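Biologist: I should like a close look at one part of this protein chain, the nonpolar surface patch. Which residues make the patch, and which helix gives the most to it?

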Amino acid sequence: EGEGLVSSVVQSALLAVSTNLDNLSVGVAYGSCDGRVRFGWDANCVVALLSFLSTFASVALGAGLTYYVPSLYLVRTSGAVLFLVGVYLLLSNHTPNQNGICHDVRTTNTSQQPPQQPQQPRRVSLYEATLLGLSLTMTNVGTGVVGGLVELDSLTTALMSACTSPC
């Protein structure tokens, strides 16, 4: 029983980390703005809460499906879903300019004008964090359902997802 619990926690942690790798690219994008955009603790909490809620609901949904769908189909479907999520993540492009995070391109100052004074960093609003969090939860839904299909604990997996989700 103890080994099964440890195995389940490790599986939940690995699922959470792999699901939230897209958050890393978002964090890198914000970081590439030379400190002009600040992602505060409140915005991180919003993203983490949305990650928790979406993962919990999707793992519970996946667990519920095990009562209605034969296990042979669940194994095949879960493999296909994980494959499709991986393809989606490989093909998606999270660049700062595409998402409007950084509006200017770094150029060398070839004119005789003096360089501009650095601007005050802009904090990401809770509204922006909510939109970002909702978009980042799309991967949590697919992998969360698969986590439920393989009988991972909803609460453990959701907590792990929330802990690994901040940008």
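Modeller: The answer below begins with the model and the whole chain and then turns to the patch. This is a predicted model, in which local features need pLDDT of at least 70 and side-chain atom pairs count only at pLDDT 80 or more, while totals for chains, interfaces and linings use all residues. Residues are numbered from 1 along each chain as its sequence is written, and side-chain values use heavy atoms, with hydrogens and water left out.

The protein chain has 7 helices and 2 strands; these are DSSP runs numbered from the N terminus, helices being H or I of at least four residues and strands E of at least two. From the N terminus, their order is α-α-β-α-α-β-α-α-α. The accessible surface of the chain is about 10,600 Å², and carbon and sulfur atoms hold 65% of it; such areas come from the Shrake-Rupley method with a 1.4 Å probe, and for residues only the protein chains shown count as cover.

On this surface, V17, L21, L24 and V28 make a nonpolar patch of about 370 Å². Patch residues have over 30% relative accessible area and no salt bridge (a side-chain nitrogen of Lys or Arg within 4 Å of a carboxyl oxygen of Asp or Glu); nonpolar side chains (Val, Leu, Ile, Met, Phe, Trp, Tyr) are joined within 5 Å, and like charges within 9 Å. Helix α2, residues 21–31, gives the most to the patch, with 3 residues. L24 lies in helix α2, and its relative accessible area of 55% makes L24 exposed (over 50%; buried is under 20%, partly exposed in between, with a 1.4 Å probe and protein chains only).
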